[in-house]
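Okay, thanks for making time, everyone. I'll put the model up and then walk through it piece by piece.

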Amino acid sequence: MLDIRFSRALQLMLFLAVAAENGSAPLSSAELAHRLHANPSLVRKLLVPLTDEGLAVCVKGRTGGARLGRPADRITLAEIYRCAVGDKPLWAPSPGVEPVCAVTAHAGEYFAALTVEAEEAVLGSLGDRTLADGVRELRRLDTGCARH
């Protein structure tokens, strides 16, 4: 089963970054949910770790909403990824395999090492990119897009 928490959290943060760039008011969870085609409760769940880490700021109440916690050029995609997935590993080994040969005896250990290596590569790549880079890339992609 694919995990979409990172893609949802990244989209949410991109919406906040564009709103900040445009000088817009904070975005409500209902507005973010509408843009994400999701439930407002999912948006609030996504915002909790982002807020805890200072990547977003949420103000409750009728005129409240979410905004970036710091400038988009000071938020890395790795930070958003970590908030979205927490300590969940990139992959998980198959549990409960009886060790009857070299493969079944050591596949879990081997797979765990591969997982660590792959996750370090993912975090390294995401750590080199900021939220502001993401907004710039989306704008670049949008220039070639004809809307009807």
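Let's begin at G69. If you skip its neighbours within four places in sequence, G69 is in contact with G54, L55, A56 and V57. As for where we are, G69 sits in the loop between strand 2 and helix 4. It comes out as partly exposed, at 31% relative accessible area. There's also a distance you can check on screen: from the C-alpha of G69 to the C-alpha of E53 is 8.9 Å, with their positions 16 residues apart in sequence. And before anyone asks, this is a predicted model.

Next, the strands just before that loop. How many bridges join strand 1 to strand 2? Four, and the two strands, residues 56–59 and residues 65–68, run antiparallel. One pairing to click on is V59, which stands opposite G65 in strand 2. Together strand 1 and strand 2 make a hairpin, with five residues between them. In that turn, G61 has a positive phi of about 110°.

While we're on backbone angles, there are a couple of others to look at. G23, just after helix 1, takes a positive phi of about 70°. Then there's H37, where phi is near 55°, so to speak a positive value in a residue other than glycine. H37 is in the loop between helix 2 and helix 3. Buried or exposed, then, for H37? Exposed, at 70% relative accessibility, and the cut-off for that word is over 50%.

On to helix 3, which covers residues 40–52. Helix 3 has 13 residues and reaches 18 Å from first C-alpha to last, close to the 18 Å you'd expect at 1.5 Å a residue. Which residues of helix 3 are buried? V43, L46, L47 and L50. An α-helix has 3.6 residues a turn, so residues three or four places apart point the same way. Keep that in mind when you look down the axis. As for partners, the buried residues of helix 3 pack against helix 1, helix 2, strand 1, strand 2 and helix 4.

There's a proline in helix 3 as well, P49. P49 is partly exposed, with a relative accessible area of 22%; buried would need under 20%. If you want another distance to check, the C-alpha atoms of P49 and R62 are separated by 22 Å, and those two residues are 13 apart along the chain.

Helix 1 is one of the partners I just mentioned. It runs over residues 5–21, so you've got 17 residues reaching 24 Å from first C-alpha to last, close to the 24 Å expected at 1.5 Å a residue. Its buried residues are F6, R8, A9, L10, L12, M13, L14, L16, A17 and A19. Yes, there's an arginine in that list, R8.

Now for the charges. A search of the whole structure finds six salt bridges, and I'll show a few. E21 forms one with R139, and the closest N and O atoms are 2.2 Å apart. E21 lies in helix 1 and R139 in helix 6, so the pair ties together parts that are 118 residues apart in sequence. E21 is exposed at 52% relative accessible area, whereas R139 counts as partly exposed at 37%.

Staying in helix 6, R136 pairs with D133, with the closest N and O atoms 2.4 Å apart. Those two are three residues apart in helix 6, so they're separated by about one helical turn. Here R136 is exposed, at 52%, and D133 is partly exposed, at 29%. E137 also forms a salt bridge, with R140, and there the closest N and O atoms are 2.6 Å apart. E137 and R140 both lie in helix 6, three residues apart, about one turn of the helix. E137 itself is partly exposed, with a relative accessible area of 36%.

Last stop is the surface. What makes up the nonpolar surface patch of about 390 Å²? That would be L90, W91, Y110 and L114. W91 is in the loop between helix 4 and helix 5, which are residues 77–85 and 102–127. With 41% relative accessible area, W91 is partly exposed.

That's my tour, so over to you for questions.

Technical notes. Residues numbered from 1 in each chain as written. Predicted model: local features only at pLDDT ≥ 70, side-chain atom pairs only at ≥ 80, totals over all residues. Heavy atoms only, no water. Buried < 20%, exposed > 50% of the residue type's maximum accessible area, 1.4 Å probe, protein only. Patch = residues over 30% accessible without salt bridge, like charges linked within 9 Å, V, L, I, M, F, W, Y side chains within 5 Å. Areas by Shrake-Rupley, 256 points an atom, 1.4 Å probe, with all protein chains shown as cover. Salt bridge = Lys/Arg side-chain N within 4 Å of Asp/Glu carboxyl O. Pairing = 2+ DSSP bridges. Contact = heavy atoms within 4.5 Å.
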